[in-house]
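Trainee: I have the sequence and the model open, and I'd like to go through them with you. Could we start at one spot and work outwards?

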Amino acid sequence: MKTDAPPPCPFAPLRPSELNRDAVYYMAQAYNEALKAWRANEVPVGAVIEFEGAVIARAHNRVESLNDPTAHAEILAITQAAGHVGDWRLNGATLYVTKEPCPMCSGASVMARMSAVHYAVADPKMGCMGGATALHELPRLNHRVTVRAGALEPECRELLQAYFQLKRGAI
């Protein structure tokens with residue numbers, strides 16, 4: 001587990017209007033989770049899951065604090081959401097995440113039968129929903145996940161870039 005302090009976070013939480021529950025609204029909730037990750041000295045990725053117009057799960061990366069390589073925001077949120085609905089099948093649910101899901105999280109989204117995944121920042125190296133590859137488009141899959149990108153992309157990109165610039169500058 002890391003013991004060094006995180007770099008100071010210069011970003012404030014977003015406060016989206018409760019009147020317009022669109023992709024930007026839910027991504028703002030994920031962004032605020034990413035801020036929690038930063039303050040916990042984790043890579044600032046946040047996720048929320050929306051079902052029937054309500055946020056039923058929210059999480060941020062906890063890999064370092066739990067010493068668990070699977071403790072990504074998406075995995076933690078999917079686990080919470082399954083507990084909330086009482087079923088591992090999350091049909092009708094949408095995952096909003098600040099960075100494109102990795103192979104593990106992309107696979108979990110498909111396996112959980114998510115209806116959709118919205119991500120803010122593409123990841124050309126490890127993203128598996130269009131960046132490096134498109135796992136959700138494998139022809140033999142028995143479930144299709146709709147993928148959308150770009151809501152709050154500039155804000156989420158700036159957050160990730162600033163975190164790594166400050167971390168590397170502190171070394």
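Mentor: Let us begin just past H4, where the helix is followed by Arg 113, a residue whose phi is positive, near 60°. Please keep in mind throughout that this is a predicted model.

Trainee: Okay, and which residues of H4 itself are buried?

Mentor: The buried residues of H4 are Cys 105, Ser 106, Gly 107, Ala 108, Ser 109 and Val 110, and what covers them includes H3, E3 and E4.

Trainee: Back to Arg 113 for a second: which side chain has a polar atom 3.5 Å from its backbone oxygen?

Mentor: That is the side chain of His 143, a residue placed in the loop between E4 and E5. The side chain of His 143 also reaches the backbone oxygen of Met 114, at 2.8 Å. If we leave out residues up to four places away in sequence, His 143 touches Asn 91, Val 110, Arg 113 and Met 114.

Trainee: So is His 143 buried or exposed?

Mentor: His 143 is buried, because its relative accessible area is 13% and the cut-off for buried is under 20%.

Trainee: Let's zoom out. How many helices and strands does the chain have?

Mentor: There are five helices and five strands, and from the N terminus on they run in the order α-β-β-α-α-β-α-β-β-α. The radius of gyration is 15 Å, close to the 16 Å that the globule rule gives for 171 residues, so the chain is as compact as a globular protein of that length. Along its principal axes, the C-alpha trace spans about 45 × 35 × 30 Å.

Trainee: And what share of the residues counts as buried?

Mentor: Of the 171 residues, 46% count as buried. As for the contacts with a separation of 6 or more, 60% of them are accounted for by residues 24 or more positions apart.

Trainee: Which residues of the largest nonpolar core touch the most other members?

Mentor: That core has 46 residues, and the ones touching the most other members are Phe 11, Met 27, Ile 49, Leu 90, Met 114 and Leu 159. Several elements supply at least two residues each, among them H1, H3, E3, H4 and H5, and H1 gives the most, with nine residues. As general background, nonpolar side chains in soluble globular proteins tend to be buried together.

Trainee: What does Leu 90 touch, then?

Mentor: Not counting residues up to four places away in sequence, Leu 90 touches Ile 78, Ala 81, Ala 82, Val 85, Ala 112, Arg 113, Met 114 and Ser 115, and here we meet Arg 113 from our starting point once more.

Trainee: New topic: what's the nearest side chain of opposite charge to Glu 100?

Mentor: It is Lys 99, which is 7.1 Å away, and Glu 100 is buried yet has no salt bridge. Glu 100 lies in the loop between E3 and H4, and its side chain reaches the backbone nitrogen of Gly 130 at 3.0 Å. A polar atom of that side chain also lies 3.4 Å from the backbone nitrogen of Cys 128.

Trainee: Last one: where is Ala 151?

Mentor: Ala 151 sits in the loop between E5 and H5, and it is buried, with a relative accessible area of 15%. Leaving aside its neighbours within four places in sequence, Ala 151 is in contact with Ala 23, Val 24, Met 27, Tyr 119 and Ala 120.

Note on methods:
Residues are numbered from 1 along each chain as its sequence is written. This is a predicted model: local features need pLDDT of at least 70, side-chain atom pairs count only at pLDDT 80 or more; totals for chains, interfaces and linings use all residues. Side-chain values use heavy atoms; hydrogens and water are left out. A nonpolar core is a set of buried Ala, Val, Leu, Ile, Met, Phe, Trp, Tyr and Cys residues joined through side-chain atoms within 4.5 Å. Buried means under 20% relative accessible area, exposed over 50%, partly exposed in between (1.4 Å probe, protein chains only). Helices (H or I, at least four residues) and strands (E, at least two) are DSSP runs, numbered from the N terminus. Contact means heavy atoms within 4.5 Å. Lys and Arg count as positive and Asp and Glu as negative; His and the chain ends are not counted. A salt bridge is a side-chain nitrogen of Lys or Arg within 4 Å of a carboxyl oxygen of Asp or Glu. A polar contact is a pair of N or O atoms within 3.5 Å; within protein, one must be able to donate a hydrogen and the other to accept it, and residues adjacent in sequence count only if both atoms are side-chain atoms. The radius of gyration is taken over C-alpha atoms; the globule rule is 2.2 Å times the number of residues to the power 0.38.
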